[in-house]
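Welcome! Please open the model in your viewer and follow along, one selection at a time.

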Amino acid sequence: MKNFEIITIEELLKRLEKYTYKQLHIHHTFKPDHSNFNGKNHIALQEGMYRYHTETKKWQDIGQHVTLAPDGKFITGRDFSTSPASIAGWNKGAFAVEMIGNFDVGKDQLKGEQKRSILMLSKYFADRFGYDCIKFHREGPGVRKTCPGTSIKKDTFIKEVMSMGKIFKDVEDGRWSVPYIEAAKDLGIMNGNTDGTFKPTEPLTREQAAIIAVNLYEKITGKKVVE
Ligand SMILES: [Zn+2]
């Protein structure tokens, strides 16, 4: 059995930095579903899928790179540098995620931390490789499955990814200041902290104010004043 690890979305994004992908493939597991998750059996569920993929299906490894649990945590699977067994014809250069759940209408709901994590992962891929790289399994050539489930509409999902703007992990979606923080970041005027936080309610120091003033000047004039 492989050494599967449980990691957060932040840790996953950090690990993905050194890889380049053509597509992000999104699946639901169908089985196991939310009723099989008890809050701590991440590894056991992943091992079950590993056995199914390697013993029943006779694949060389588990199909997906990561599995996303209902609590928003990921379980590592296939090596990130190898192609997944994910969507026939589209596997080369793809990264595959299986979300634990059956998201067909009337079954499980994609919500809470699990939804936040898949949106963040999708946003990360979209920012690096474009929105077109996000693929649902059912979009694949000749696929008849509903995967990742009929309750997840692609256009709604993409809109949610776009409106996330979750550039800083401590800036919640509902905050009144989100559009300003996003714009300040997009303009290159305020870039947050190296740990990915923005600390939206912390006071500004004089040195931070100096950086902002210079960034603003450089942006407006197009002249670089500090190397
Ligand atoms: Zn699928």
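This short tour goes from the whole chain to one pair of helices.

**Stop 1: the whole chain.** Keep in mind that you are looking at a predicted model. Select the protein chain and show its C-alpha trace, which spans about 65 × 35 × 35 Å along its principal axes. The chain has 227 residues, and 28% of them count as buried.

**Stop 2: the cartoon.** Switch to a cartoon view and look for six helices and six strands. In what pattern do they come along the sequence? Reading along the protein chain, you meet β-α-β-α-β-β-β-α-β-α-α-α. Contacts also reach across the sequence: of those between residues at least 6 apart, 67% join residues at least 24 apart.

**Stop 3: two helices.** Now select residues 9-16, which form helix α1, and residues 112-129, which form helix α3. These helices pack with their axes 10 Å apart. The angle between α1 and α3 is about 20 degrees, so α1 is roughly parallel to α3. Turn the view to look at the crossing: α1 passes α3 in a right-handed one.

**Stop 4: the contact.** Which residues make the contact between the two helices? On α1, pick Ile9, Leu12 and Leu13. On α3, pick Ser117, Met120, Leu121 and Tyr124. Try coloring this selection by residue type: six residues of the α1 contact with α3 are nonpolar, one is polar and none is charged.

Terms used:
Residues are numbered from 1 along each chain as its sequence is written. This is a predicted model: local features need pLDDT of at least 70, side-chain atom pairs count only at pLDDT 80 or more; totals for chains, interfaces and linings use all residues. Helices (H or I, at least four residues) and strands (E, at least two) are DSSP runs, numbered from the N terminus. A residue is buried if 20 or more other C-beta atoms lie within 10 Å of its own, exposed if 12 or fewer, and partly exposed in between; C-beta atoms are placed from the backbone. Two residues are in contact if their C-beta atoms, placed from the backbone, lie within 7 Å. Axes are lines fitted to C-alpha atoms, for helices over the stretch in contact, and angles run from 0 to 180 degrees between N-to-C directions. Angles under 35 degrees count as roughly parallel, over 145 as roughly antiparallel, 65 to 115 as roughly perpendicular and the rest as oblique. A crossing is left-handed if the near helix is turned anticlockwise from the far one by less than a right angle, and right-handed if clockwise. Ala, Val, Leu, Ile, Met, Phe, Trp, Tyr, Cys and Pro count as nonpolar, Asp, Glu, Lys and Arg as charged, and the others, Gly among them, as polar.
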